[in-house]
Amino acid sequence: MEVICGKCNGTGIIYRHETCTVCGGTGKMNYGPCSNCNGTGSVYVQKTCDACHGTGKINATKKCPVCNGTGRIHHESGPVEWSTCSTCNGTGWI
Ligand SMILES: [Zn+2]
Ligand SMILES: [Zn+2]
Ligand SMILES: [Zn+2]
């Protein structure tokens, strides 16, 4: 069946922070703050969703049992509280 991609919520686009390549993530240039990232060291980039290849829909057979269809895994302890479910690649479906 065809379902809305849970990773991008059907938009086909995902946003994520990436290290600014202009300043190498430092946020600084010789003359002051990096203008590309406004001194933050990271930039917000728009990418085509790799789970649905930008279509916003995926062919799924069933809800992911690992994350229970949420696409995210909750960690009680560890460096990150939430991570993308690797079983369904964040879509919530397999
Ligand atoms: Zn920068
Ligand atoms: Zn998607
Ligand atoms: Zn999952």
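## An all-strand chain, from an exposed serine to a cysteine-rich core

S77 counts as exposed, because only 5 C-beta neighbours lie inside 10 Å, and 12 or fewer is the mark of exposure. The residue sits in the loop between β7 (72-74) and β8. Its C-alpha atom is separated from that of K28 by 33 Å. Along the chain, S77 and K28 are 49 residues apart.

This is a predicted model. The average pLDDT of the chain is 94. A score of at least 70 is reached by 100% of the residues. Among the elements, strand β4 (residues 32-33) has the highest mean pLDDT, at 96. Strand β8 (residues 82-84) has the lowest, at 93.

**Overall build**

What does the secondary structure of the chain come to? There are 0 helices and 8 strands. From the N terminus, the order reads β-β-β-β-β-β-β-β. The chain is more spread out than a compact globule, because its radius of gyration is 17 Å, well over the 12 Å that the globule rule gives for 94 residues. Along the principal axes, the C-alpha trace spans about 55 × 35 × 15 Å.

Burial covers 22% of the 94 residues. Contacts also reach along the sequence. Of those between residues at least 6 apart, 51% join residues at least 24 apart.

**Two paired strands**

Strand β2 (residues 13-19) pairs with β5 in the antiparallel sense. The pairing runs over 7 bridges. One of the links joins Y15 to its bridge partner in β5, Q46. Are these strands buried or in the open? Strand β2 has 7 residues and the number buried is 0, so β2 lies largely in the open. For β5 the number buried is also 0 of 7 residues, so β5 too lies largely in the open.

**The nonpolar core**

Which residues make up the largest nonpolar core? The set has 11 residues in all. Cysteines in it are C5, C8, C49, C52, C64, C67, C85 and C88. A51, I58 and W93 belong to it as well. In general, nonpolar side chains tend to be buried together in soluble globular proteins.

A51 gives a view of this core from one member. Its place is in the loop between β5 (42-48) and β6 (57-59). A51 is buried because 22 other C-beta atoms lie within 10 Å, and 20 or more is the cut-off. Leaving out residues up to four places away in sequence, A51 touches C5, K7, I58, N89, G90 and T91. Two of these partners, C5 and I58, are core members too. A51 and N38 are 13 residues apart in sequence, yet their C-alpha atoms are 30 Å apart in space.

C67 is another core member. Its contacts, again without residues up to four places away, are R72, I73, C85, C88 and G92. Among these, C85 and C88 also belong to the core.

**Loop residues outside the core**

N9 is found in the loop between β1 (2-4) and β2. Its phi is near 55°, a positive value in a residue other than glycine. N9 is partly exposed, because the count of other C-beta atoms within 10 Å is 13.

H53 is in the loop between β5 and β6. Phi of H53 is near 55°, again positive in a residue other than glycine. H53 has 12 other C-beta atoms within 10 Å, so H53 is exposed.

K62 lies in the loop between β6 and β7. This lysine is exposed, with 11 other C-beta atoms within 10 Å. The C-alpha atoms of K62 and W82 are separated by 22 Å. In sequence, K62 and W82 are 20 residues apart.

The table sets out the surroundings of the loop residues discussed here.

| Residue | Other C-beta atoms within 10 Å | State |
|---|---|---|
| S77 | 5 neighbours | exposed |
| K62 | 11 atoms | exposed |
| H53 | 12 atoms | exposed |
| N9 | 13 atoms | partly exposed |
| A51 | 22 atoms | buried |

Conventions:
Residues numbered from 1 in each chain as written. Chains lettered and ligands numbered in written order. Predicted model: local features only at pLDDT ≥ 70, side-chain atom pairs only at ≥ 80, totals over all residues. Core = buried A, V, L, I, M, F, W, Y, C linked by C-beta atoms within 7 Å. Contact = placed C-beta atoms within 7 Å. pLDDT = per-residue confidence, 0-100. Helix = DSSP H or I, 4+ residues; strand = E, 2+ residues; numbered from the N terminus. Rg over C-alpha atoms; globule rule 2.2 N^0.38 Å. Pairing = 2+ DSSP bridges.
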